Amino acid sequence: MTMVQEAGAPTAAGDADVLLAVEGLTVEYAGAGDPVRACTDVSFTLRRGEILGVVGESGSGKSTLITALTRLQRPPAVTAAGRVLYHPREGGAPIDLVALSGRRLRALRWTRLSIVLQSAMDALNPVARVGAQFVDVLRTHDRSMSRAQAWDEARRLLGLVGISADRARGFPHELSGGMRQRATIALALACRPELVVMDEPTTAVDVVMQRQILAQVLRLRRELGFAVVFVTHDLSLLLELADRIAVMYAGRIVELAASHEIYRSPLHPYTRGLRDSFPPLHAPVERLEGIPGTPPDLKALPPGCPFAARCPHAFDRCRHELPPLSAHGHRAVACHLHDPDLRDSEEAPS
Ligand SMILES: Nc1ncnc2c1ncn2[C@@H]1O[C@H](COP(=O)(O)OP(=O)(O)OP(=O)(O)O)[C@@H](O)[C@H]1O
Ligand SMILES: [Mg+2]
């Protein structure tokens, strides 16, 4: 069995195509007792211009992962192990974001990587005009830009997400929730970053608005070429948006594959459960199955596969041995059912 350090590794395209290589990222929350590990040994590679979706139930470690990735985490969260190697577009040695000083990190924010956080609707300053917030960001990162140029650029950026230019002079509370969210996304794009990380940016808006925002993200990605890590608990949304999807369970990636593979042929029983938890996109609803049970307590994880207690296919080995994330063609899965050695083994489930 091949271990997947390189689950999303570039193949024919070569290294020049890699934007971010996450290696063994492990994050703990320190507390009174033993630390709680909310993100364990997470590895994946993100290509330039790629949209990677991260999906999992509440508490599976999605926000923990991406706040560690972007170094926005706050105590008691601590990155206990791993590297996040950022490959700058102009070439040169990759930069480990985990080891970067605060000053060098600030130099990369907005211009190289930017973030739309879980409460995106409230991310704008309520007492500053919407356009002024763009002007601030733009002029901080490009000192040669005049105030008038920055206001023009603010109006152009708002236009990109379908907000009319006259709204730039307004205050955030004068915008609808969906507009505020789109303005936050436009702000994240202001300095032409190579990577935009989005944590549930559309949860607070209705489905129609959600679809509009996603369509805009896809269009802007085509025009501007940035890569996205998009976190959500809604797999159906990712199937429309993402190129590849990483499925998280109890702090680990349990499956990583192209969106169409996750939809048509999920390998992990948890992924299958997630897929079957919502109505099919283009077919009549015949069944709607949830996943029975609840995720395990991270403070008291079972010794084997963390999903074993809820898994309809679990067999003895699953309860004792943690399955590693392993290569399965160009995709990856952490499940004993897909261990190639199992075919000849006596313990194979019926
Ligand atoms: N401040 C904290 N202190 C201690 N433990 C925490 C803290 N924040 C999160 N955790 C632990 O980390 C786990 C993962 O939390 P995280 O916020 O990353 O999940 P999530 O997948 O983003 O969930 P949601 O979909 O609800 O946003 C939680 O189940 C919890 O046990
Ligand atoms: Mg979260």
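A residue is near a molecule if its C-beta atom, placed from the backbone, lies within 6 Å of it, and helices and strands are DSSP runs numbered from the N terminus. With that in hand, the shell around ligand 1 can be taken apart piece by piece. Its largest share, three residues, comes from helix 1. We'll come back to that shell after a look at the whole chain.

What you have on screen is a predicted model. The chain contains nine helices and 12 strands, and 42% of its 350 residues count as buried. If you take the contacts between residues at least 6 apart in sequence, 64% of them join residues at least 24 apart. On confidence, the mean pLDDT of the chain is 89, and 89% of its residues reach 70 or more. The start of the chain needs some care: residues 1–13 have pLDDT below 50, though in the model this stretch has 31 contacts beyond near neighbours in sequence. Where pLDDT is low, the predicted coordinates should not be read in detail.

Now for the sheet that strand 2 belongs to. Four strands make an open sheet in the order 2-1-4-5, and the pairing is antiparallel. Strand 2 (36–47) and strand 5 (95–96) are at the edges with a single partner strand each, so one side of each has no neighbour in the sheet. Strands of a sheet pair through backbone hydrogen bonds, either parallel or antiparallel.

Strand 1 is a good place to trace the pairing. A hairpin of six residues links strand 1 to strand 2, and the two run antiparallel with eight bridges between them. To find the register, look for Ala-21, which sits opposite Thr-45 in strand 2. Strand 1 (residues 18–29) also runs antiparallel to strand 4 (residues 77–86), again through eight bridges. Here the pair to look for is Glu-23, opposite Arg-83 in strand 4. So is strand 2, out at the edge of the sheet, covered or open? Mostly covered: nine of its 12 residues are buried.

Strand 2 also leads us back to the ligand. Around ligand 1 there are 14 residues, and those that come nearest are Ala-38, Ser-58, Gly-59, Ser-63 and Thr-64. Strand 2 and helix 1 (62–69) are the elements that give two or more residues to this shell. By class, the shell has five nonpolar, eight polar and one charged residues.

Next, some helix packing. Helix 3 (residues 130–141) has 12 residues and spans 18 Å from first C-alpha to last, close to the 16 Å expected at 1.5 Å a residue. Which of the residues of helix 3 are buried? They are Val-130, Gly-131, Gln-133, Phe-134, Val-135, Val-137 and Leu-138. Helix 4 (147–160) and helix 5 (177–188) are included in what covers them.

Val-137 lets you see this at the level of one residue. This valine lies in helix 3 and counts as buried because 21 other C-beta atoms lie within 10 Å, where the cut-off is 20 or more. Setting aside neighbours within four places in sequence, Val-137 is in contact with Trp-110, Leu-187, Ala-190 and Cys-191. Val-137 and Ala-154 are 17 residues apart along the chain, and their C-alpha atoms are separated by 9.8 Å.

For a contrast, try Asp-206, in the loop between strand 7 (195–199) and helix 6 (207–224). Is Asp-206 buried or exposed? It counts as exposed because it has 11 C-beta neighbours inside 10 Å, and the limit for exposed is 12 or fewer. From Asp-206 to Gly-177 is 29 residues in sequence and 9.6 Å in space, C-alpha to C-alpha.

Finally, go further along the chain to strand 10. Strand 9 (residues 244–249) and strand 10 run antiparallel, joined by six bridges. They form a hairpin with two residues between them, and Ala-250 in the turn has a positive phi of about 45°. Tyr-249 has Arg-252 in strand 10 as its bridge partner. Strand 10 pairs with strand 12 (residues 331–333) too, antiparallel and through two bridges, with Glu-255 opposite Val-333 in strand 12. Strand 10 (residues 252–258) has six of its seven residues buried, so it is largely enclosed by the rest of the structure.

Conventions: Residues numbered from 1 in each chain as written. Chains lettered and ligands numbered in written order. Predicted model: local features only at pLDDT ≥ 70, side-chain atom pairs only at ≥ 80, totals over all residues. Pairing = 2+ DSSP bridges. Nonpolar A, V, L, I, M, F, W, Y, C, P; charged D, E, K, R; others polar. pLDDT = per-residue confidence, 0-100. Contact = placed C-beta atoms within 7 Å. Expected span 1.5 Å × (residues − 1).
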